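Dear colleague,

Please find below the structure that I am handing over to you. My notes on what was found in it follow, and I would be grateful if you could read them with the structure open.

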Amino acid sequence: VQMPEGGFWTFFTAFSGFVFAFAGQSIYEEMMSEMKQPRDFKKSLGVGMPTIAILYSLTSFVQYYYTGTNAKSFLLDHVPSDWRKTLVFSFMLVHMLISYTITSVVLSHVAHKRYFPRTAHVHGSAKARLHWFVCSTSVLAIAYVIANGVPFFDSLTGIIGALLLSPIAMVIPCVC
């Protein structure tokens with residue numbers, strides 16, 4: 001395997017992005033616990049993961065076909081700055097909102113169980129809804145501050161993906 005131009009850090013960043021994209025199993029159990037029919041999770045996973053792998057591979061092949069070794073590190077930098085870029089970034093926004101919603105529901109539920117255990121499993125009461133609102137709004141506020149307050153956020157997510165998600169998503173399941 002030849003090291004890409006830019007050396008180790010370029011490779012490290014690319015690899016950590018790949019791991020980050022496929023490291024969803026770190027919250028699969030929490031997602032299943034939130035489902036009405038947890039057994040159906042296998043079906044969604046059986047369709048979702050191959051679809052993601054195919055689409056990511058197809059995107060990579062198409063980018064390499066059109067740009068070769070001139071590929072930019074941010075794929076969307078290849079899109080012309082006109083209505084197409086607006087459309088692509090709109091799709092990216094929807095994707096990020098969906099990803100955030102899935103993760104934030106899990107984190108908010110954990111916070112709800114930790115800080116308001118008496119109402120964590122009560123559905124429909126005004127007090128439980130207020131506690132959920134406090135937890136979910138706090139998760140949103142913390143995510144916003146971290147994403148906008150850390151000037152090296154891209155590098156931070158890269159290092160987190162490489163150092164923490166790799167063992168959680170790929171090593172620990174094999175060991176267990």
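**Salt bridges**

A search of the whole structure, which is a predicted model, finds two salt bridges.

One of them joins the side chains of Lys-43 and Asp-40, with a distance of 3.2 Å from N to O. Lys-43 has a relative accessible area of 59% and is therefore exposed, the cut-off being over 50%. Asp-40, in contrast, has a relative accessibility of 32% and counts as partly exposed.

Asp-82 and Arg-84 also form a salt bridge, and their closest N and O atoms are 2.7 Å apart. Both partners are described in terms of accessibility as well: Asp-82 is partly exposed at a relative accessible area of 28%, and Arg-84 counts as partly exposed at 37%.

**A nonpolar surface patch**

On the surface there is a nonpolar patch of about 700 Å². The residues that make it are Ile-159, Ile-160, Leu-163, Leu-164, Ile-168, Val-171, Ile-172 and Val-175. Leu-163, one of these residues, belongs to helix α6, which runs over residues 153-175. Is Leu-163 buried or exposed? With a relative accessible area of 52%, Leu-163 is exposed, because the term applies to values over 50%.

**The second largest pocket**

You may also wish to look at the second largest pocket, whose volume is about 220 Å³. Its lining consists of 14 residues. Those that lie nearest the centre of the pocket are His-112, Ala-120, Val-122, His-123 and Trp-132.

Which helices each supply at least two residues of this lining? They include α2 (28-34), α4 (83-115) and α5 (126-149). Sorted by class, the lining has five nonpolar, seven polar and two charged residues.

**A residue of helix α5**

Helix α5, which contributes to the pocket lining, also contains Val-134. The relative accessibility of Val-134 is 37%, so this residue counts as partly exposed, a term for values between the cut-offs of 20% and 50%. Val-134 and Phe-89 are 45 residues apart along the chain, and a distance of 30 Å separates their C-alpha atoms.

I hope that these notes are of use as you begin to work with the structure.

Yours sincerely

Definitions and conventions. Residues numbered from 1 in each chain as written. Predicted model: local features only at pLDDT ≥ 70, side-chain atom pairs only at ≥ 80, totals over all residues. Heavy atoms only, no water. Patch = residues over 30% accessible without salt bridge, like charges linked within 9 Å, V, L, I, M, F, W, Y side chains within 5 Å. Areas by Shrake-Rupley, 256 points an atom, 1.4 Å probe, with all protein chains shown as cover. Salt bridge = Lys/Arg side-chain N within 4 Å of Asp/Glu carboxyl O. Helix = DSSP H or I, 4+ residues; strand = E, 2+ residues; numbered from the N terminus. Buried < 20%, exposed > 50% of the residue type's maximum accessible area, 1.4 Å probe, protein only. 1 Å grid on protein atoms, 1.4 Å probe; cavity = no way out; pocket = protein on both sides within 12 Å on 5 of 7 lines; lining within 4 Å. Points joined across faces, edges and corners; volume = space filled by probe spheres on them. Nonpolar A, V, L, I, M, F, W, Y, C, P; charged D, E, K, R; others polar.
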